[in-house]
Amino acid sequence: MERFRTRKALLALMAASGLLLTACSGGGDTGDGSKAADRPGYGAGEPAPAYGDGDGTSEREDLREDPGHLSTFALDVDTASYDYARRALADGRLPDPSTVRPEEFVNSFRQDYERPDGDGFSVTVDGARTDDEDWSLVRVGLATRTSERGGERPPAALTFVIDVSGSMDEPGRLDLAKESLSVMTDRLRDDDSVALVTFSDEAETVLSMTRLGGNRDEIQDAISDLDTQDSTNLGAGVETGYETAVEGLREGATNRVVLISDALANTGDTDASSILERISGERREHGITLFGVGVGSDYGDSLMERLADKGDGHTVYVSDSGEARKVFSEQLPRNVDLTARDAKAQVAFDPETVEEFRLIGYDNRRVADEDFRDDRVDGGEVGPGHTVTALYAVRTEPGARGHLATATVRWLDPETRDPHEETGDLEAGDLDDSLWSANRGLRTAATAAYFADALGHGDHDLPDAPRLDELADHAYDLADSTESEEIRRLAEAIDTANRML
């Protein structure tokens, strides 16, 4: 877990070891109007400024070369961890703490950030104080344009890789996948294309890339004929899926592999890194992204998450027809387009006002600070209509005033690969006095993060964490005031977990 030192601890370490801390590389525009841009040398991806006191040996100058005031991560829009936790609780059991990823709990709730006028991102930074002395929660919010803007989306070329192993015979697995695919086939446009690959012991292309227009009956028949077989050779399925996607590659279309599985691989290659390495050429050369859809009460969460991360995509988990219908008939057809590739965020905390900070979650998405502007380093792929939220626990200097942080998001244009950046700032005076009286979005994100922290046994040590019964009360109050059904489901899940813990 990423923890950032206090200045006192850092100086002691430097004195004891004599290490020379290398400054992060700069370069690139930090964005017009940001305080970081107005102070040369202090921006995302760049060293902090010198605060010399005449002899060149001030504490601030020592900190100038410390990269520890930066936090860098690849954007992530996964939500599977939260949905799988709700499924486990509904089944009367607590989720395995290893499957609890706080950022996926937080990002399961749509935020009302201001949207950008064009492609790219808007950046919102806000926060609120907690009752823990000098500790606050700071929210960094990123949003893309809505999917309705700018006319019709490009056509989609979707290769569905479907697990038909014996474990998929359980109700709520293959039957749910077939129903979902059938509904989605009716929703896709005539100029979209789909291919079907199945895998058990071996993988087979049962339908090559086929336009929807004039062929819907053929596609529906292929879906209807899907049936379970034997073991789970997930590696073969992914490899064949990418081969099929490349064979049916469409220029000017969004080319994507959609993996539907319980991810309980037990035959062939079962390692995510090895599986993705075998198809790395197709993935990088053609920009084919992987969208993972998890199903089943027993679910290989870790494998699916690693596949999606390394496959430049993201994961969702569906446990019933309602969730599946939402994913396949609404989200996927509407958001097959991409607005940003290799998107990364970097937050520069001001050492003048911030004593300590830590990013909540994103443990598998951390990026070296010096790689923020290295566009060869993978980031996250984000489509239209998405929001991405990151929460930080921040300990400010007593009585801190002035600038606290600058958040910068960097991404590549999906077509030209040109880099772009946008920034946002936070001042100490802009922190809300109380977390539980802050705006709806911040309270929702905080509630989800506290819930994940409790299910993960407090590994992220959030400040001023309420008891679960108190957290449930906050969630119910929030659901009542917002009339939000998704927040009410969150409150109910917290209530259920409270009775088990």
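**View 1. Helix α4 is largely enclosed by the rest of the structure, because nine of its eleven residues are buried.** Buried here means under 20% relative accessible area, exposed means over 50%, and partly exposed is in between (1.4 Å probe, protein chains only). Helices (H or I, at least four residues) and strands (E, at least two) are DSSP runs, numbered from the N terminus. This is a predicted model, in which local features need pLDDT of at least 70 and side-chain atom pairs count only at pLDDT 80 or more, while totals for chains, interfaces and linings use all residues. Residues are numbered from 1 along each chain as its sequence is written, and side-chain values use heavy atoms, with hydrogens and water left out. To find the covered part of α4, look for A80, S81, Y82, D83, Y84, A85, R87, A88 and L89. Their cover includes α5, β9, α13 (440-455) and α15, judged by contact, that is, heavy atoms within 4.5 Å. Just after α4 you will meet G92, with a positive phi of about 85°.

**View 2. R101 sits in the loop between α4 and α5.** Is R101 buried or exposed? With a relative accessibility of 7%, R101 counts as buried. Apart from neighbours within four places in sequence, R101 is in contact with S81, D301, E305 and N364. One of these, D301, has a side chain joined to that of R101 by a polar contact of 2.7 Å. A polar contact is a pair of N or O atoms within 3.5 Å; within protein, one must be able to donate a hydrogen and the other to accept it, and residues adjacent in sequence count only if both atoms are side-chain atoms. R101, E104, D301 and E305 are also linked in a network of salt bridges, where a salt bridge is a side-chain nitrogen of Lys or Arg within 4 Å of a carboxyl oxygen of Asp or Glu.

**View 3. Three salt bridges are shown here, out of a count of 28 by this rule.** Start with D126 and R139, whose side chains meet at 2.6 Å, N to O. This pair links distant parts of the chain, with D126 in strand β2 (residues 122-129) and R139 in strand β3 (residues 135-143), 13 residues apart. Both D126 and R139 are buried. Next, R376 forms a salt bridge with D374, and their closest N and O atoms are 2.9 Å apart. R376 is exposed, at 73% relative accessible area, whereas D374 is buried, at 18%. Finally, D480 and R488 meet through their side chains at 2.5 Å, N to O. D480 counts as partly exposed at 47% relative accessibility, and R488 is partly exposed with a relative accessible area of 23%.

**View 4. Strand β10 (residues 340-349) is mostly covered, with ten of its ten residues buried.** Which strands pair with β10? Strand β1 (residues 70-74) does so in the antiparallel sense over five bridges, and A74 stands opposite K344 in β10. Strand β12 (residues 380-382) pairs with β10, also antiparallel, over two bridges, and here A343 stands opposite G380. Strand β14 (residues 403-412) runs antiparallel to β10 and is joined to it by seven bridges; the bridge partner of A345 is V409 in β14. For the purposes of this legend, two strands pair if DSSP finds at least two bridges between them. As you trace the strand, a handy reminder is that in a regular strand the side chains alternate between the two faces of the sheet.

**View 5. Two residues other than glycine have a positive phi: D312, at about 60°, and E483, near 55°.** D312 lies in the loop between α11 (301-310) and β9 (314-317). With 11% relative accessibility, D312 counts as buried. E483 is found in the loop between α14 (468-482) and α15 (485-500). In contrast to D312, which is buried, E483 is exposed, with a relative accessible area of 71%.

**View 6. L94, M500 and L501 make a nonpolar surface patch of about 240 Å².** Patches are made of residues with over 30% relative accessible area and no salt bridge: like charges are joined within 9 Å, and nonpolar side chains (Val, Leu, Ile, Met, Phe, Trp, Tyr) within 5 Å. Accessible areas come from the Shrake-Rupley method with a 1.4 Å probe, and for residues only the protein chains shown count as cover. L94 belongs to the loop between α4 (80-90) and α5 (102-106), and is partly exposed at 34% relative accessible area.
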